[in-house]
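Grab a coffee and work through these three exercises with the structure open beside you. Try each task before you read its solution.

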Amino acid sequence: MNAPQRKPSTDVQKDASMAKQKAMIDGNFDRLGNVKNTGEKVSYTFVPGNLNELIMCFDMVGNYPEINAIQNGLRKKSGGMIMEAEKWGHSEDVCTYVKADIGMMRKGNIGPTGQPIPEPDILMLSYTGCYTFLKWFELLRHDYKCETAMLHVPYTGDGVITKAMTDYVVKQLKEEVIPKYEKVSGVKFDIDRLRENLAHSAKAEDDFVWVLESAKNKPSPIDAYFGGIYYIGPIFTAFRGTDLAVDYYKTLREEIEERIRKGQGPITPEGEMKNEKYRIVTEGPPNYTSMREFWKMFYDEGAVVVASTYTKVGGTYDFGFRHDPSRPLESLAEYCMHCYTNRNLPERTRMLETYINDYEADGLLINSIKSCNSFAAGELMMMREVEKRTGKPAAFVETDLVDPRYFSAANVKNRLESYFQMIDQKRRAGA
Amino acid sequence: MKCFIGIDLGSTTTKAVVMNENQEIIGRGITNSRSNYDTASAVSKQEAMIDTRFTLLRNNLDDNEKLRDNQDVFLHDLERNFRREQFVEQLDDLQNTCLSNAEGERFDDVRSVLTQVLSDVFDKLRHESLALYAKGATRKSDFFRDIAGGRFLSLSEEISKEAGINYDFALNVYDKSIIQVENRPPAGNLEGKFLNGLKNLTRESPELGIRFEDVQDPVKKALAVELEETFVVGTGYGRVRLPFPKEHIRSEILCHGLGAHMMYAGTRTVLDIGGQDTKAIQVDPNGVVDNFQMNDRCAAGCGRYLGYIADEMNMGLHELGPIAMKSTKAVKINSTCTVFAGAELRDRLALGEKREDILAGLHRSIILRAMSIIARSGGISDQFTFTGGVAKNEAAVKALRELVKENYGDVTINIDPESIYTGALGGAEFARRAVMEA
Amino acid sequence: MATREEITNRCQALYDDLDFTAARTWKEAKPGRHVIGYLPMYVPREIIHAAGMMPLGILGGGDQLEVIQGDAYYQSYICRIPRSTIELLLTNRLDFVDGMLFPSICDVIRNLSGMWKLLRPDVYAHYFDVPQNYMKDVGGEFYIHELNVLKEDLEKISGNKVTNDALKNSIELYNENRRLTRELYKFRADKPWLAPSSEVYLINRAGMVIPVEDHNILIKDYIEAARQEDRPKRDNSRVVISGSFCEQPPINLIKSIEMSGCYVVDDDYMLVNRWFTKPVPTDGDPIQALSYTFLEASVKMPSCFEPNEDIKGQFLVDLVRENNAEGVIFAAASFCDPALLERPILQDVLNQVDIPHVSFKYAENTGQMQPIREQAGTFADSIKLWS
């Protein structure tokens, strides 16, 4: 009698964080769709190295073109947008986030939810860990002719963040970013407000890291790649620094604590994954146009992703970084420099090695993304190095972010199955 | 007896291997992969089972004094005659199918003439089959569609013309019928075909001095052995749609690794170049896969690359290697892209480069891609085994030997003439282990 | 004095030499000499030179290098220059190089710096960042710091102190090199039939692999020799090449463009040799001078942010006008992010002032010239029709 009564309650619990997440993301699209009525000013910016806490100080609403591309990808709308951009002379060789965004704009700028995406009042070009960002906003600026603030975040080529690098970013915040935001918004910068936002961030970040690290449990209560994509949503975008995010991660953490108590595996689109057979670490972004299908190739085989680098593109919090209200601008600068793709290859390799060891994973899977050279160039080198250091096998598949033309299900499935069976065979041979 | 069967569904051909309890290969079968994987599996399996019967027969004949030195000739002739029986059986099936398809409304006006044309065509085809399967005759392919199709088309064109109807009618009926026939599981009655074949053999080769009565017993005995399909393992690129339950499916990588290990126990690196993909596999001393890499999304470096070049040059795929072997000078082909390679090829021809030199360059280019995939998987440290359709191409093998030596020094390179069966062999061994080592 | 043919033959030999024998010879000539390699875009070669070292420009492996190991490290959708560069490394052709600089040109070259660190942990490999903020007290200060870090690193490798005097002397030499390079470009723009693009290209490429002192003489000799020669003038269209600043087209492609009826009157092949549009001052602090000149007088190219939308792409219009060009050929390496992402903006800017343009892609080992000849030829013809 107990079981049937408890079941609905776990469903409600599961829904609590997911519903909250969805409401938050949708809420931002509502807000963007409504600026004509509210008069709110709009700031476009990127996920890695975003300055959400700072932007909030100017009462502006944030639009994240990468998120639009992702949401359009999930809704199978990105393909047509990419072709639209290619029709306008954009090369088939370059990033499909950019082309999905430009295609959406050319088709009338209707966002993934069907609401209009307003034009930017300011483009916040946080040039962090991705060269394409630079061109992307030059392309948008060329069309919108709007104010553009450039924040050059130095790449950690030697694996360290020096004082000169931090000083450089802080100076840019003071002399380039803040003045432009003050001008566009008409709101004077208030550093105490920033401190308050940063305090919220730090709080959410603690719970977020706890959630990611819960995958060290066996079985893992979460999938840190496919599931992780939902978990990073709020903290990587317009909600870092808000009460809402603090609340969301608290709820999420409670749900997962409950799953651990019950020894439950991750929730997949087809319900709880029961039999954890393989623990995998992934490198690289996912594919969004066929995400369900891709994920299914994992959970059908009992494979769970216990750690992923993709969930670190908006900050490598699990290696200790927290936003710090006592050093507001400095900590924003350090945050930007800490983002995953702003780290050099030896550091990224070390992270993967650490994940495989700390999460007791069976191996590394690289999903190499055609669009994203920042991730992809050097992944084959990292793969070799991680195999050598951990003795764990690695596999390599190739897809794209939001271009449906670059997802070959048979091809990917073939490799994944070979990989899982290889792990299995090795285990038997070792036993 | 227990039979362990591995079936490898490739993009162009489907292969089956039958293994006995003692890990011996007792039968191999191959067919073209059709749109219907069930049929392709069934056909390749039946072919391997027929081959198994021949193996059993060979064993039964070992001490048959009536045959003495003629045993090999006898077996060869028997198989030839058996194949003819099989061919005629399929011809009959094709004829019946054609006739029933000719019942369609659109043929109302020409039906009587068309049926006559078809009957005449098939009579001729049946008659031709004697020559086709005569002693010493060679056939351009072992697959029914290849052998019957070409002749059907030219005969029906001729006969239609004589009969005064448009050739399109016969063509239309054929196109529809061949697909149906090809996708029908093969008929049974092996014994009948064997015995008919045997009768033909004794009739056509009296000089062998073999009397039907002398050999029918060992043949019947070989046919009487019950071949139990103890365990079947399927693998191959079409594996996602393989007609087997999940526990009977193994990854092609694992099968190729194990198959290569079965052929050459010292194998540490396997390179397989097939129609649609190229794989480099590292195996441990037990044939367990340590690492593998496959070609990326791009088709360059696969067998298809050569197919494309053959099409571009209007040549048969099998003609490329021999021509390339005549090359005396290396021409560097840079395009890694299959489509661009065609353009580059025309460019080079226009510049006056010799065809054989360009082809040699193309073969080197495909092997260069494979070398990168090998390097990606961890390189070559010890015995190296080359498998797949491209392993039959001498120019590709030559380029491979050169490049392996340049990059890894003197290592043993194994190439088995039956290497196309590597994946199926691995599958058969997995099947054997699933039962015998469970 | 050497003839034009002798000079270009020498340059061709340097171009063909994938073992960098000239640089090796320079290094072996005296004990304690060091060589620092750098990839395309920009590095302050003056500092390397002032440390008594030789800067060595590495622009990929061209169309003669067979790439095996390099392909093992790169997916098919990444350009070719990093794979051939890795091939050069792994086939020991760069074993004499004491350090490597990877300019901030794109993510692929940036990540190559990390690969170098993993592949050759004992060799100095440095990602060389240049500022994208052009305020003196912001980007300028940061860049001064970066230049000083580089200077100290190079001092450690060479064992030589980089004095201000040495640095000023090096700046003078490179100012002269940039001046001569621009003179060569001007000479070609004025009389393109006397200085074919393939020759100009080879002269410039030689500057990547020989000492600057030597190269300065070489440019002068070439201009002098070419000026004296009488070569037939053809009825070609005058074009500017844009987008070839990193991975280089094969020399046959450069020849093909000209053969198909285009005189190339400007281009963006290896910009490092004319990066500054004015001389670096030698009267003050040399590091500061290098930094501020970078902020104020760098050439425009896609890897550098343009803060001012009003003049975005204007440099290309200016190049066309200054050189009396009739059109632009966008020739980008396949999968080159900077060139291909920038291209739609530049095309739009050209469209607004009715400058015709055509686009194609290449790889450093492109073998088929026919499509390129056809495109460039048709473009040249159509320009004549329009004008």
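Before we count anything, a contact here means heavy atoms within 4.5 Å. Keep in mind that this is a predicted model.

**Exercise 1. Describe the interface of chain A and chain C.**

Step 1: start with who takes part. Chain A puts in 56 residues and chain C puts in 54 residues.

Step 2: look at the area. About 4,900 Å² is buried between chain A and chain C, and carbon and sulfur atoms make up 58% of it.

Step 3: go through the charged pairs. Seven salt bridges turn up across the interface of chain A and chain C. One of them to look up is Lys145(A) with Glu309(C). Their closest N and O atoms sit 2.8 Å apart, and the cut-off for a salt bridge is 4 Å, so the pair counts.

Step 4: add the polar contacts. Between chain A and chain C there are 32 residue pairs of this kind, both partners at pLDDT 80 or more.

Step 5: find out where the chain A side comes from. Helix 7 (residues 131–144) of chain A gives the largest share of the side that touches chain C, namely eight residues. Sorted by class, that side of chain A holds 22 nonpolar, 17 polar and 17 charged residues.

**Exercise 2. Work out the surroundings of Thr267(B): is this residue buried or exposed?**

Step 1: place it in the chain. Thr267(B) lies in the loop between helix 8 (252–263) and strand 5 (269–273) of chain B.

Step 2: check the accessibility. Buried means under 20% relative accessible area. Thr267(B) has 0%, so it is buried.

Step 3: follow the side chain. The side chain of Thr267(B) reaches the backbone oxygen of Tyr264(B) at 2.7 Å. It also makes a polar contact with the side chain of Thr385(B), again listed at 2.7 Å.

Step 4: list the neighbours. Leaving out residues up to four places away in sequence, Thr267(B) touches Ala260(B), Val283(B), Asp284(B), Gln383(B), Thr385(B) and Asn414(B).

**Exercise 3. Decide how the radius of gyration of chain C fits a compact globule.**

Step 1: take stock of the fold. Chain C has 15 helices and eight strands, and its C-alpha trace spans about 60 × 50 × 45 Å along the principal axes.

Step 2: compare with the rule. A compact globule of 387 residues would have a radius of gyration near 21 Å, and chain C has 20 Å, so the two agree.

Step 3: look inside. Of the 387 residues in chain C, 67% count as buried. Among contacts in chain C with a separation of 6 or more, 76% join residues 24 or more positions apart.

Note on methods. Residues numbered from 1 in each chain as written. Chains lettered and ligands numbered in written order. Predicted model: local features only at pLDDT ≥ 70, side-chain atom pairs only at ≥ 80, totals over all residues. Heavy atoms only, no water. Buried area = accessible area lost by both parts, 1.4 Å probe. Salt bridge = Lys/Arg side-chain N within 4 Å of Asp/Glu carboxyl O. Polar contact = N/O pair within 3.5 Å; in protein donor to acceptor, adjacent residues only side chain to side chain. Helix = DSSP H or I, 4+ residues; strand = E, 2+ residues; numbered from the N terminus. Nonpolar A, V, L, I, M, F, W, Y, C, P; charged D, E, K, R; others polar. Buried < 20%, exposed > 50% of the residue type's maximum accessible area, 1.4 Å probe, protein only. Rg over C-alpha atoms; globule rule 2.2 N^0.38 Å.
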